[in-house]
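User: Hi! I have a structure open and would like some help reading it. Could we go through it together?

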Amino acid sequence: MGDATSTGQQSVERSREESPSAVSTEDDTFDVLGEANTAAIGEQALVVDGVSKRFGGGDNEIVAVDDVSFTVEQGAVVGLLGPNGAGKTTLIKSILGMVLPDEGSVEIFGTDASDGRRGAYVDVDAMLEGARNDYWRLTVRENLRYFATISGVDPDSVTDRHDRLLNRLGLADHADTAVRNLSRGMKQKVSLASVLAGGAKLIFLDEPTLGLDVESSRTLRTELTRLAREEGLTIFVSSHNMAVIEDVCDRVIVMSAGQIVADGTVEELLGIANRNAIQVTSADIDDRLLSRLEATFTLLSVETVDGSRRVELEATGENLYTLMDTLRDAGVTIEQLHTVEPDLEDVFVSLTGDTQGLRGERSQ
Amino acid sequence: MTDTADSEPIAQPRPATYYHLARAVLYREFLIFVRYPANAIGGIVVSLFFFGVLFYGGQQLAGQALTESLEGIIVGYFLWTLSVGAYSSVSNDIGSEVQWGTLERHITTPFGFAPVALFKGIAKIVRTFLTSLIVLVAMLLMTGTTLQIEPVTTMSIAGLAITSVLGLGFAAGGITVLYKRIGNWLNLLQFGFIVLISAPVFDAPWTRLLPLAHGSALLQRAMVDGTRLWQFSPFDIALLLGVAVGYLAGGYLVFHYATRRARRLGVLGDY
């Protein structure tokens, strides 16, 4: 055991030393639990190059991830969007080595994952969709200690950091409660806490708000935003929840059918939609007027709200004057009129053609 | 979300070694054992119930013949409860880790799952020894039988004997990682241990290479005849050690390659 102990220690220390994120001081290596991350934004935390993964064979072959390449800078918060079956989870698992890609390479903090898996993942942890991620029969604090250890950190040396983490996530009062006795939202927070317990600098979150109620989802979003902004964590988050992506992410990658179809900041992606829609609400809009409007404008939606009709249509520039003239000629008394800004859901639908995958997620 | 402790200075973290990992894994197993004793108690009760059926039912059917071979039956039953405990706890535990998603999580750690699984195996053996000793004492009281229990000899031989079963547990766990639902069927393998424990090692010496068989024969000599560890021939001890290490290594290799295959197929965390 003596040799194994020594080898293990050297291995973990060497891995941490090799990581560019840990080059300046020993302090920087674990600062996610309490101190600002001093790693310069701009260095690459993650390089994904030509990753492909196919399942099955022959006629039944499914290309889950198709030649995907991108980089993530340290300190960035990147969102991964895509309809069900787009390949998001397979991509994340391929990056993490839980799925072995057929082609391509993954480099984490400068270490090729296929050359030195253990070394590459020393500063990485993940909270995956549908996984319990931690041990429900242990208490919250025991989970943090256990996962800190397997992440390569002596748990006795990070007790105060764990206290801080528990405070920040609102788990301090439940530190000695078995996880199985906590609510779903609290369990999700424990998962996040255990992911951060070992001082990971790059974390992957796959559907972190899945199944959470509105309040728990909002709390988790707030905490993710704080972690990203204040502690400089590099976060890669996959979600159907547009609020999570819009609130937390600096940059969004959109996947469809295993490929990246868009990659940019939220603002850049919103520019893609460029919808320029107008929403008019009036009780005077009848079917005849609707037909006239449809002949001139592109109608986006029509709905009845409290006895009035709410019509959303595309109208810009000169068209806007034409719309007003049409409404005035028809004797319409306008109750409400405002422009509708495009949101990520519009971008998502226009890029992927998926109109079903996001239903029910916006309210969170 | 409070930041009450944020202004306080915090100590610098130290890297964890295999010592810390062993301590973490063993402590976790200990906590679960003492906090949730129902499984252990249930196992003891079921073991004693079946032994009671075997003993009292056998007395009705075989009478004196059973009494004459009772010591051997008790030693064999003791080894069987040890084997079942070690095998099922390892294979079921791996299945549970897959189901919970925690096995996937271990994959992306500096230590990986391999040492965790080995430390867990050690914890399971210790735990199984505790429960099986209770069963053994109860069997001796129930039947009024006495055995030669020299702790070092008994623990060493029984420990090495069930180490080979631990290897089978890892192999079964690996197959469960690949083919999830097969785990329940693999539990039936534990009934095959009865055959291995009672293998005819004198008539068919090659059976000594099977898991449990040689260890069972040595344990009978130790606990029934009073042979001490140092009184066995070096060949016997070397064979016991070789079988234990061989099956453990083989089982672990199966687990390793099954896990790699599961990663290739993308089914590591699916359940």
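Analyst: Happy to; we can look at the chains, then some helices, the core and a few single residues. One thing to keep in mind is that this is a predicted model.

User: Good to know. How many helices and strands does chain A have?
Analyst: Chain A has 12 helices and 14 strands.

User: And what about chain B, how many of each there?
Analyst: Chain B comes to 11 helices and 0 strands. Read from the N terminus, its elements go α-α-α-α-α-α-α-α-α-α-α. Its C-alpha atoms fill a box of roughly 75 × 40 × 35 Å along the principal axes.

User: What share of the residues is buried in chain A, and what share in chain B?
Analyst: In chain A, 46% of the 364 residues are buried. For chain B, 42% of its 271 residues count as buried.

User: What about contacts between parts that are far apart in sequence?
Analyst: Let's take contacts between residues at least 6 apart in sequence. In chain A, 72% of these join residues at least 24 apart. In chain B, the figure is 83%.

User: Let's stay with chain B. How do α7(B) and α11(B) cross?
Analyst: Helix α7 of chain B covers residues 151-178, and helix α11 of chain B covers residues 234-265. Their axes come within 7 Å and cross at roughly 15 degrees. Angles under 35 degrees count as roughly parallel, so α7(B) and α11(B) are roughly parallel to each other. The crossing is left-handed. By class, their contact has 20 nonpolar, 9 polar and 1 charged residues.

User: And how does α7(B) sit against α10(B), roughly parallel or roughly antiparallel?
Analyst: Helix α10 of chain B spans residues 213-224, and its axis comes within 9 Å of the axis of α7(B), crossing at roughly 165 degrees. That makes the two helices roughly antiparallel, because angles over 145 degrees count that way. This crossing is left-handed.

User: Which residues make that contact?
Analyst: From α7(B), the residues include B:Thr153, B:Ile157 and B:Ala161. From α10(B), they include B:Gly215, B:Leu219 and B:Met223. By class, the contact of α7(B) with α10(B) has 8 nonpolar, 4 polar and no charged residues.

User: New topic: which residues touch the most other members of the largest nonpolar core?
Analyst: That core has 146 residues, and the ones touching the most other members are A:Ile108, A:Ala193, A:Ile203, A:Ile235, B:Leu21, B:Leu79 and B:Leu219. There is also a second, separate core of 10 residues, with A:Val280, A:Ile285, A:Leu313 and A:Leu327 among them.

User: Is there a general idea behind cores like these?
Analyst: Yes: in soluble globular proteins, nonpolar side chains tend to be buried together.

User: What does A:Ile235 touch?
Analyst: Leaving aside neighbours within four places in sequence, A:Ile235 is in contact with A:Val77, A:Ile203, A:Leu205, A:Leu224 and A:Ala228.

User: I also clicked on A:Lys189. Is it buried or exposed?
Analyst: A:Lys189 is buried, because 26 other C-beta atoms lie within 10 Å and 20 or more are enough to count. You will find A:Lys189 in helix α6 of chain A, residues 184-196. Beyond residues up to four places away in sequence, A:Lys189 touches A:Leu169, A:Gly170, A:Leu171 and A:Leu220. A:Leu169 is 20 residues away along the chain, with 6.7 Å between the two C-alpha atoms.

User: Where is A:Ala86, and what does it touch?
Analyst: A:Ala86 is in the loop between β3 (77-81) and α2 (88-96) of chain A. It counts as buried, with 25 C-beta neighbours inside 10 Å. Setting aside neighbours within four places in sequence, its contacts are A:Met255, A:Ser256, A:Ala257 and A:Gly258. A:Ala86 and A:Val254 are 168 residues apart in sequence, yet 9.2 Å apart in space, C-alpha to C-alpha.

User: What can you tell me about the backbone of A:Ala257?
Analyst: Phi of A:Ala257 is near 50 degrees, a positive value in a residue other than glycine. For context, most residues other than glycine have a negative phi. A:Ala257 lies in the loop between β9 (251-256) and β10 (259-265) of chain A, and counts as partly exposed, with 14 C-beta neighbours inside 10 Å.

User: What about phi at A:Asp67?
Analyst: A:Asp67 has a positive phi of about 50 degrees although it is not a glycine. A:Asp67 is in strand β2 of chain A, residues 62-73, and is partly exposed, with 14 other C-beta atoms within 10 Å.

How values were computed. Residues numbered from 1 in each chain as written. Chains lettered and ligands numbered in written order. Predicted model: local features only at pLDDT ≥ 70, side-chain atom pairs only at ≥ 80, totals over all residues. Core = buried A, V, L, I, M, F, W, Y, C linked by C-beta atoms within 7 Å. Buried ≥ 20, exposed ≤ 12 C-beta atoms within 10 Å, placed from the backbone. Contact = placed C-beta atoms within 7 Å. Axes fitted to C-alpha atoms, helices over the stretch in contact; angles between N-to-C directions. Helix = DSSP H or I, 4+ residues; strand = E, 2+ residues; numbered from the N terminus. Parallel < 35°, antiparallel > 145°, perpendicular 65-115°, else oblique. Left-handed = near helix turned anticlockwise from the far one by under 90°. Nonpolar A, V, L, I, M, F, W, Y, C, P; charged D, E, K, R; others polar.
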